[in-house]
Amino acid sequence: MSLIGRLVVIFIGFLAACFVGGMIVVVALLFPEFADLGAGPVDQGTIDILLGFGFIFVSGFALVPAAVIVAITEALYIRSALAYAVGGGVVGLACYLGLVPFHSDTLQFEGIVRRHLEIMTGAGIVAGVVYWLIAGRNAGAWRNPPPARQPPPPLPSNSRPDAR
């Protein structure tokens, strides 16, 4: 039963990390455009839709690399916040490089925008820390057997009805 509970915690941690990572990506990519518009406040419904798309984007692209990081940290009992931040940065980097064209004849990525690479890597780092706050601090704890139950204390000698 503890494994099922752990999987639920991992899923909730992944969703929260993807939501935070999506928020960072949307805000960081739209911030320069907001400054240039000068049109005043933006419709809240538009922001909600953009955050939803950011969440879907990040969770869709980050699922497999994040699952690999989670499997490694669970298997090796890694509970360090730094490890999750580095793992999140690697996942963010992998998500960005998965979108950039790679030419196999020159073995180079072409069209890398440094600002976008930094945004995705930073969002991955923050998402890794959010995941650590929710699920990573207890990585591998589901394998530990529950502590042995201590027997109850003995009853007082005069509390037994057949005691004489």
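This report describes the annotated regions, helices, surface patch, charged pairs and cysteines of one structure. The model is a predicted one.

**Annotated regions**

An unreviewed UniProt entry carries the annotation "transmembrane region" for residues 7–31, 51–72, 81–99 and 119–135. Over residues 7–31, the chain is 100% helix and 0% strand, and the C-alpha atoms at the two ends of this stretch lie 36 Å apart. Over residues 119–135, the helix content is 94% and the strand content 0%, with 24 Å between the end C-alpha atoms.

**Helix H2**

Helix H2 spans residues 44–75 and has a kink of about 55° at Leu63. The proline Pro65 comes shortly after this kink. Several residues of H2 are buried, among them Leu51, Gly54, Val58, Ser59 and Ala62. Ala66, Val70, Thr73 and Glu74 are also buried residues of H2. Following the helix is Tyr77, which has a positive phi, near 55°.

**The nonpolar surface patch**

A nonpolar patch of about 740 Å² lies on the surface. It is made by Ile4, Val8, Phe11, Ile12, Leu15, Ile125, Val129, Leu133 and Ile134. Helix H1 (2–37) and helix H4 (114–134) are the elements that give two or more residues to the patch. The largest share, 5 residues, comes from H1. Leu133, one of the patch residues, lies in helix H4. Leu133 has a relative accessible area of 44%, so this residue is classed as partly exposed.

**Salt bridges**

Side chains of opposite charge can pair when their charged atoms come close. The structure holds 2 salt bridges, and the table lists both pairs.

| Pair | Closest N to O distance | Relative accessibility of each residue |
|---|---|---|
| Glu74 and Arg6 | 2.6 Å | Glu74 7%, Arg6 8% |
| Arg114 and Glu118 | 2.9 Å | Arg114 65%, Glu118 45% |

In the salt bridge between Glu74 and Arg6, the closest N and O atoms are 2.6 Å apart. Glu74 belongs to helix H2 and Arg6 to helix H1, so this pair ties together parts that are 68 residues apart in sequence. Glu74 counts as buried at 7% relative accessibility, and Arg6 is buried as well, at 8%.

The salt bridge between Arg114 and Glu118 has an N to O distance of 2.9 Å. Both residues lie in helix H4, 4 residues apart, which is about one turn of the helix. Arg114 counts as exposed, because its relative accessibility is 65%, whereas Glu118 counts as partly exposed at 45%.

**Cysteines**

The structure holds 0 disulfides. The cysteine sulfur closest to that of Cys18 is in Cys95, at 8.4 Å, and this is too far for a bond. A disulfide requires the two sulfur atoms to be within 2.5 Å. Cys95 is accordingly in no disulfide, the nearest cysteine sulfur being that of Cys18. Cys18 is buried, with a relative accessible area of 4%. Cys95 also counts as buried, at 6% relative accessibility.

**Summary**

In this predicted model, the nonpolar patch draws on helices H1 and H4. Helix H2 carries a kink at Leu63, and its residue Glu74 is joined by a salt bridge to Arg6 of H1. A further salt bridge joins Arg114 and Glu118, both in H4. Cys18 and Cys95 form no disulfide with each other.

Conventions. Residues numbered from 1 in each chain as written. Predicted model: local features only at pLDDT ≥ 70, side-chain atom pairs only at ≥ 80, totals over all residues. Heavy atoms only, no water. Patch = residues over 30% accessible without salt bridge, like charges linked within 9 Å, V, L, I, M, F, W, Y side chains within 5 Å. Areas by Shrake-Rupley, 256 points an atom, 1.4 Å probe, with all protein chains shown as cover. Salt bridge = Lys/Arg side-chain N within 4 Å of Asp/Glu carboxyl O. Buried < 20%, exposed > 50% of the residue type's maximum accessible area, 1.4 Å probe, protein only. UniProt positions renumbered as here; feature names shortened; annotations may be inferred. Bend = angle between axes of the 7 residues up to and from the residue.
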